[in-house]
Amino acid sequence: MNAPNGLPDLSHLWMPFTANRHFKSQPRLLASAKGMYYTSVDGRHILDGTSGLWCVNAGHCRDEIAQAIARQAASLDYAPGFQLGHPQAFEAASAVAGIMPAGLDRIFFTNSGSESVDTALKIALAYHRARGDAQRTRLIGRERGYHGVGFGGISVGGISPNRKTFSGALLPAVDHLPHTHSLEHNAFSKGQPAWGAHLADELERIVALHDPSTIAAVIVEPMAGSTGVLVPPQGYLQRLRDITAKYGILLIFDEVITGYGRLGAATASECFGVTPDLITMAKGISNAAVPAGAVAVKRDVHDAIVNGAPGGIEFFHGYTYSAHPLATAAILATLDIYRREDLFARARKLAPAFEAAAHSLQGAPNVIDVRNIGLVAGIELAPRKDAPGARAAEAFHKCFDSGLMVRYTGDTLAVSPPLIIEEAQIDQIFQSIGNVLKEIA
Ligand SMILES: Cc1ncc(COP(=O)(O)O)c(C=O)c1O
């Protein structure tokens with residue numbers, strides 16, 4: 001039933017990662033979306049500076065995707081994925097494999113980034129067990145990493161509010177690399193910062209402590225998004241690759257944000273020239289039109305598990321909705337748009353203009369860092385005394401009220417627009433942020 005203000009009853013929905021009481025006292029509801037814009041329930045157009053939640057990479061409400069989903073819903077609404085299949089599931093897996101780095105051509109479908117992460121961690125354990133290395137169970141994540149909200153993901157993740165409530169129930173054998181953020185050395189870096197490759201060597205210390213024979217996998221976001229846009233230092237990822245390869249440890253890149261064009265290539269792996277053993281993805285895989293995710297797995301990792309099993313089911317894992325027909329329809333239509341419109345290359349071409357516009361905020365009130373790569377930027381604000389995060393929260397609200405959607409985490413604003421953005425809209429985003437920062441104490 002609608003309340004007198006015309007809004008629905010807000011009391012029943014427990015909102016995720018939201019200050020529920022504050023939101024419900026000042027609700028911000030979106031009614032529709034098209035291209036680069038949302039429209040709010042009060043009829044305002046809001047420029048989408050964040051691709052929704054880093055996921056609507058081809059822009060909103062693309063007709064081709066909507067039609068593909070509608071056709072699929074009318075012809076095959078659901079097909080069990082256990083011991084049965086449907087042709088589009090295999091076509092979608094081939095299409096995803098076709099844009100992954102060479103060798104990562106075995107695809108396991110999930111419904112979200114969190115599920116992709118937990119799936120990848122399980123594949124890592126299953127791989128070592130299949131090879132007679134069942135004692136390799138330790139997982140290494142990184143401070144400030146975000147890998148979703150499953151118990152596996154929060155265990156290897158490094159964001160303390162996401163962990164502390166559940167600290168007694170996290171996975172037991174997990175260590176963390178140090179994060180790579182340093183204002184002292186890297187503030188206002190453009191692209192990959194020069195300082196910090198040596199932080200990967202901390203992995204050697206962890207390996208020496210536990211012995212390589214106990215370690216299954218290292219998981220990192222090649223560019224850490226949710227924690228506030230941490231771009232990998234030059235050479236850092238290659239060092240992680242070298243060390244993991246040396247000790248037979250699997251390397252997992254969590255590309256839930258970086259996959260599908262954000263950095264100007266299909267994957268961050270391609271962009272940085274470093275190939276992991278597994279890639280987790282979600283978000284841009286379906287342009288967020290239907291929840292979908294996947295793990296791309298190196299063929300020998302897959303083969304060790306699948307060909308190594310005695311018979312019967314080889315991997316006891318999967319979801320009712322793995323390769324759901326609506327998801328596979330959305331994935332195929334989305335990948336088609338990326339290819340036809342060459343959107344990854346478009347992101348790459350726009351990146352210099354995006355970088356220049358982002359760094360024009362250097363010198364704006366309270367800005368202590370701007371960092372960027374591809375079509376993503378982080379603008380870090382000085383925290384208010386005794387109120388960390390408050391300044392960025394106020395900026396977020398003021399941006400929204402002025403017609404721009406950004407994200408904030410801690411005191412960092414994040415910008416990650418759809419790859420269809422025009423240069424004038426890039427300027428508009430950073431000018432709007434600059435104007436808002438002038439209004440904020
Ligand atoms: C790197 C990374 N991994 C995993 C996730 C979790 O994805 P989901 O919210 O779809 O479960 C996210 C979400 O932002 C992410 O950025």
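**Exercise 1. Sort the residues of the shell around the ligand by class.**

Solution. Step 1: the shell around the ligand has five nonpolar, seven polar and two charged residues. Here Ala, Val, Leu, Ile, Met, Phe, Trp, Tyr, Cys and Pro count as nonpolar, Asp, Glu, Lys and Arg as charged, and the others, Gly among them, as polar.

Step 2: the ligand is surrounded by 14 residues, and the closest are Ser 112, Gly 113, Ser 114, Gly 148 and Val 256. A residue is near a molecule or strand if its C-beta atom, placed from the backbone, lies within 6 Å of it.

Step 3: helix 5 gives the most to this shell, with three residues. Helices (H or I, at least four residues) and strands (E, at least two) are DSSP runs, numbered from the N terminus.

The model is predicted: local features need pLDDT of at least 70, side-chain atom pairs count only at pLDDT 80 or more, and totals for chains, interfaces and linings use all residues. Residue numbers start from 1 along each chain as its sequence is written.

**Exercise 2. Describe how helix 5 packs against helix 12.**

Solution. Step 1: helix 5 covers residues 113-130 and helix 12 covers residues 299-306. Their axes are 8 Å apart, and the packing angle is about 60°. Axes are lines fitted to C-alpha atoms, for helices over the stretch in contact, and angles run from 0 to 180 degrees between N-to-C directions.

Step 2: the crossing of helix 5 and helix 12 is left-handed. A crossing is left-handed if the near helix is turned anticlockwise from the far one by less than a right angle, and right-handed if clockwise.

Step 3: Ile 123, Ala 126, Tyr 127 and Ala 130 of helix 5 meet Val 301, Ala 304 and Ile 305 of helix 12. Two residues are in contact if their C-beta atoms, placed from the backbone, lie within 7 Å. By class, this contact of helix 5 with helix 12 has seven nonpolar, no polar and no charged residues.

**Exercise 3. Do the same for helix 4 and helix 13.**

Solution. Step 1: the axes of helix 4 (residues 87-99) and helix 13 (residues 325-340) come within 9 Å and cross at roughly 35°. This crossing of helix 4 and helix 13 is left-handed.

Step 2: among the residues of helix 4 that meet helix 13 are Ala 92, Ala 95 and Val 96. The contact of helix 4 with helix 13 divides into nine nonpolar, two polar and one charged.

**Exercise 4. Work out the strand order and edges of the sheet that holds strand 14.**

Solution. Step 1: four strands form an open sheet in the order 11-12-15-14, with antiparallel pairing. Two strands pair if DSSP finds at least two bridges between them.

Step 2: strand 11 (367-373) and strand 14 (407-409) are the edge strands, and each pairs on one side only. From one strand to the next, the twist averages 20°.

Step 3: strand 14 and strand 15 (residues 412-415) pair over three bridges in the antiparallel sense. Thr 409 has Thr 412 in strand 15 as its bridge partner.

Step 4: helix 14 (residues 343-359) packs on this sheet and touches strand 11, strand 12 (376-381) and strand 15. The direction of helix 14 makes about 175° with that of strand 11.

**Exercise 5. Locate the two domains and describe the side of domain 1 that touches domain 2.**

Solution. Step 1: domain 1 is 20-62 + 342-440 and domain 2 is 66-341; such bounds come from an automatic or database domain assignment. Their C-alpha centres lie 26 Å apart.

Step 2: the contact takes 35 residues from domain 1 and 31 residues from domain 2. On the domain 1 side, helix 14 gives the most, with seven residues. The residues of that side divide into 17 nonpolar, 11 polar and seven charged.
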